[in-house]
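Trainee: I am new to this structure. Could you take me through it in short steps?

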Amino acid sequence: MAYTGKLNLEPEVTRTVFYLPTLVLRYFHLSGLDPATMVIVLNQNTSKGGNMAWLYLAIAIFSEVVGTLALKISDGFVHPAASTVCVIAYGIAFYCLSLVVKTVPVGIAYAIWAGAGIVLITLLSALWFKQIPDLPAILGMGLIIAGVLTINVFSDSVSH
């Protein structure tokens, strides 16, 4: 379904908004990963909240992506279901981000959160709304990915 400027919120779109968390869990299942096991392992290895911060950051990124996609589908908060998902998802994202910045430097957390969110939202927008980025946008996102990887691999500000 291509985005045409006016979005008619059909039942299939509403199902898509509420189905996003299920899609992520299905991805984990198909890839052989078990989210519940990952949470237990992260919880057992927690040192002053360090590992949990990365779990919370992943949840914040996922929630921000869901919220932004729902914002697009809400068509200016005209559609109640998508609007509700948007507000709840952003609330979860900011709550989890507030937990992250207790143990991760705020600049590092925000860089990873924003960078990952930009790339994921752009990819999903290309798939669902047919909003294909041009070459400069793709190059810019490549630089964002390189920046996030540089922070995670080489920065002493990040404790793993």
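Trainee: Which residues does Leu97 touch, not counting residues up to four places away in sequence?

Mentor: First, a note on the source: this is a predicted model, in which local features need pLDDT of at least 70 and side-chain atom pairs count only at pLDDT 80 or more, while totals for chains, interfaces and linings use all residues. Residues are numbered from 1 along each chain as its sequence is written, and side-chain values use heavy atoms, with hydrogens and water left out. Contact means heavy atoms within 4.5 Å. With residues up to four places away set aside, Leu97 touches Leu57, Ala60, Ala109 and Trp113.

Trainee: How many helices and strands does the protein have?

Mentor: Both are DSSP runs numbered from the N terminus: helices are H or I with at least four residues, strands are E with at least two. From the N terminus on, the elements run α-α-α-α-α-α. The count is 6 helices and 0 strands.

Trainee: What share of the 160 residues counts as buried?

Mentor: Buried means under 20% relative accessible area, exposed means over 50%, and partly exposed lies in between (1.4 Å probe, protein chains only). Of the 160 residues, the buried share is 32%.

Trainee: Which residues touch the most other members of the largest nonpolar core?

Mentor: A nonpolar core is a set of buried Ala, Val, Leu, Ile, Met, Phe, Trp, Tyr and Cys residues joined through side-chain atoms within 4.5 Å. The largest one has 15 residues. Those touching the most other members are Leu57, Leu97, Val104, Ile112 and Trp113.

Trainee: Which element gives the most residues to this core?

Mentor: Two or more residues come from each of helix 3 (50-74), helix 4 (80-100), helix 5 (106-128) and helix 6 (135-154). Another core, of 6 residues, lies apart from it, with Leu69, Ile73, Ala82 and Phe129 among its members. For the largest core, the top giver, with 5 residues, is helix 3.

Trainee: How far does helix 4 reach from its first C-alpha to its last?

Mentor: The expected span is 1.5 Å times one less than the number of residues. Helix 4 has 21 residues, and 30 Å is expected. Its reach is close to that, at 30 Å.

Trainee: Is Ser83 buried or exposed?

Mentor: Ser83 is found in helix 4. Leaving aside neighbours within four places in sequence, Ser83 is in contact with Ser74, Phe77 and Val78. Its relative accessibility is 9%, so Ser83 counts as buried.

Trainee: Where is Phe77?

Mentor: Phe77 is not a glycine, yet it has a positive phi of about 60 degrees. Phe77 is partly exposed, because its relative accessible area is 47%. Its place is the loop between helix 3 and helix 4.

Trainee: Where does Lys130 lie?

Mentor: Lys130 also has a positive phi of about 60 degrees although it is not a glycine. It comes just after helix 5. Lys130 lies in the loop between helix 5 and helix 6.

Trainee: How many aromatic pairs does the structure hold?

Mentor: Rings of Phe, Tyr and Trp (its six-membered ring) pair if their centres lie within 6.5 Å; planes under 30 degrees apart count as stacked, over 60 as edge-to-face and the rest as tilted. The number of pairs is 3.

Trainee: Why is the pair of Tyr110 and Trp113 tilted?

Mentor: The ring centres of Tyr110 and Trp113 are 5.5 Å apart. The two residues are 3 residues apart in helix 5, so about one helical turn separates them. Tyr110 is partly exposed at 48% relative accessible area, whereas Trp113 is buried at 6%. The pair is tilted because the planes stand at 50 degrees.

Trainee: Which residues form one aromatic cluster with Tyr110 and Trp113?

Mentor: The cluster is a single one holding Tyr110 and Trp113. The residues that join them are Tyr90 and Phe94.

Trainee: How far is the charged end of Lys72 from the centre of the ring of Phe129?

Mentor: A charge sits over a ring if NZ of Lys or CZ of Arg is within 6 Å of the ring centre and within 35 degrees of the ring normal. The charged end of Lys72 sits over the ring of Phe129. The distance to the centre is 5.9 Å.

Trainee: How far apart in space are Met52 and Val100?

Mentor: Met52 is found in helix 3, and Val100 is among the buried residues of helix 4. In sequence, Met52 and Val100 are 48 residues apart. In space, C-alpha to C-alpha, the distance is 8.1 Å.
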